[in-house]
Amino acid sequence: GAPGFVKATGHLTLTPEGLRPGGEFRAVYRQHFRKDSLVRRASLRLVFLESASRGSGRSRRTFSAETVHRTVEKTDAGILADQDLTLGLEFTMPADAMHTFAGRNNQLGWMVQADVEVAGVPSETKRKSLDVRPEPPS
């Protein structure tokens, strides 16, 4: 960037950070702007991540997949000096949603990802994990 340029970064919060299938949560991305700015694109996504590994040593292979379940987006938003960009996502996890799992060779998890593109400054990505706990046995 330009000499002396300090990029303001945003904050991503999840409330609550842990829930059960069928539970509700809210994600909020907030960034303060010190000068007039053009937000080309800002998005929040709820993503399910899967990864599986097999083999060992040099023949170890990992396969990964991401599935986007929900997206909110703003495009071409003018933000005035000393104002905030705020983007929120309220979501109810499906009752049959898979819970977070971390095994030796397999991982399943949920996250919220914020992507922000502002004219004239580097893009920013923030990710936060969401702990989805299994339903207790009935």
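**Exercise 1.** Leaving aside neighbours within four places in sequence, which residues is Gly109 in contact with? Place Gly109 in the fold and classify its burial as well.

*Solution.* The model is predicted.
- Step 1: locate the residue. Gly109 sits in strand E8.
- Step 2: list the contacts. With neighbours within four places in sequence left aside, Gly109 touches Val47, Phe48, Leu49 and Thr100.
- Step 3: check a distance. Met98 lies 11 residues from Gly109 in sequence, and their C-alpha atoms are 8.2 Å apart.
- Step 4: classify. Buried means under 20% relative accessible area. Gly109 has 12% relative accessibility, so it counts as buried.

**Exercise 2.** Characterise the aromatic pair formed by Phe48 and Trp110.

*Solution.*
- Step 1: count. The structure has two aromatic pairs.
- Step 2: read the geometry. In the pair of Phe48 and Trp110, the centres are 4.8 Å apart and the planes meet at 50°. Stacked needs under 30 degrees and edge-to-face over 60, so this pair is tilted.
- Step 3: place the partners. Phe48 belongs to strand E4 (residues 37-54) and Trp110 to strand E8 (residues 106-118). They are 62 residues apart, so the pair links distant parts of the chain.
- Step 4: check burial. Phe48 and Trp110 are both buried.

**Exercise 3.** Which residues of the largest nonpolar core touch the most other members?

*Solution.*
- Step 1: name them. The core has 28 residues; Phe25, Val39, Leu44, Leu46, Met93 and Leu130 touch the most other members.
- Step 2: find the suppliers. Elements giving two or more residues to this core include strands E1 (11-15), E3 (24-33) and E5 (61-79).
- Step 3: follow one member. Beyond four places in sequence, the contacts of Leu44 include Leu12, Ala27, Val72, Leu87 and Val112.

Conventions: Residues numbered from 1 in each chain as written. Predicted model: local features only at pLDDT ≥ 70, side-chain atom pairs only at ≥ 80, totals over all residues. Heavy atoms only, no water. Phe/Tyr/Trp six-rings, centres within 6.5 Å; stacked < 30°, edge-to-face > 60°. Helix = DSSP H or I, 4+ residues; strand = E, 2+ residues; numbered from the N terminus. Buried < 20%, exposed > 50% of the residue type's maximum accessible area, 1.4 Å probe, protein only. Core = buried A, V, L, I, M, F, W, Y, C linked by side-chain atoms within 4.5 Å. Contact = heavy atoms within 4.5 Å.
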